[in-house]
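Thanks for sharing this one. Here are a few friendly notes to read alongside the coordinates, starting with the strands and moving on to the rings.

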Amino acid sequence: MEKFSWNYIKGDTYFKIVDILEDKNLNGLEESVELVSVIAEIPTDEIYNMTMEESGKLFCKLKFLNNFDLIPNYNPKYIKLPSFKIKIMKDVTNMTVSQYIDYQQFVLLPLREGYDKLLSIFLIPEGCKYNDGYDIVELQKEIREGLSWREVQTLLNFFMKRYLESILHTLKSFNQAMLKETNPERRIQMKTNRDKLIDEITAISTLGYV
């Protein structure tokens, strides 16, 4: 597979790329060398010892970084990982209490730390229940190492858009119910629950999940 492609880049490599692009101490040439080294897994010393013609051909391949897009019409029923056959959870409103508790924790993590954990809520090995009958930590490891960043972002977008739609619908219902509620204590509790939903919406919107 062509290494200079979003179909090849895994999560850990993606965040190394982000760190390089955000490093203000690198000049343009140094940045290109570091990017090629990370993406093509070539030692930087080897790149510096290349001719300008050889290195230039590699630097030109970095153009793909500016053309990230989600996978169009991505709607598989299953995903294959080295140790797991994953059945994709299509209806995110069917989360169990256990899934929802973990979701509330994982969605607040920075994207770098939380994407594999968040996906492991919705990607359940075939024949298993959530976190039952398999090692979820191993699943998270294989999500990080086995899925391209393009697949990761496409899946996150798929799950979180649908979950956001359900939250917005619930929020609308809360607002309507609060207008009709006359009991002060119940209104306070309803407002607390509504504010939690707003926090979730903010987390989904600001952490890059949709």
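1. Strand β1 (residues 78–81) pairs with β2 in the antiparallel sense, over four bridges. The two strands form a hairpin, with two residues between them. As one example of the register, Y78 has K87 as its bridge partner in β2. Please keep in mind that this is a predicted model.

2. On its other pairing, β2 runs antiparallel to β3, and three bridges join them. Here I88 has L123 of β3 as its bridge partner.

3. The two faces of β2 are worth a look. F84, I86 and I88 make up the covered face, while K85 and K87 are on the uncovered one. In a regular strand, side chains alternate between the two faces of the sheet.

4. K85 also has a ring contact: it lies over the face of Y78, at 4.5 Å from the ring centre. A similar entry to check is K10, which lies over the face of Y8 at 5.3 Å from the ring centre.

5. F84 has an aromatic partner in Y134, and both residues are buried. Their ring centres are 6.3 Å apart and the planes are at 80°, so this pair is edge-to-face. Since F84 is in β2 (residues 84–88) and Y134 is in the loop between β3 (123–125) and α7 (136–146), the pair ties together parts that are 50 residues apart in sequence.

6. How many aromatic pairs does the structure hold? There are 14. One of them is W6 with Y14, whose centres are 6.2 Å apart with planes at 55°, so the pair is tilted. Both W6 and Y14 are buried. Ring pairs also link these two with F4, F15, F64, F68, Y115 and W149 into a cluster.

Key: Residues numbered from 1 in each chain as written. Predicted model: local features only at pLDDT ≥ 70, side-chain atom pairs only at ≥ 80, totals over all residues. Heavy atoms only, no water. Phe/Tyr/Trp six-rings, centres within 6.5 Å; stacked < 30°, edge-to-face > 60°. Buried < 20%, exposed > 50% of the residue type's maximum accessible area, 1.4 Å probe, protein only. Lys NZ or Arg CZ within 6 Å of the ring centre and 35° of its normal. Pairing = 2+ DSSP bridges.
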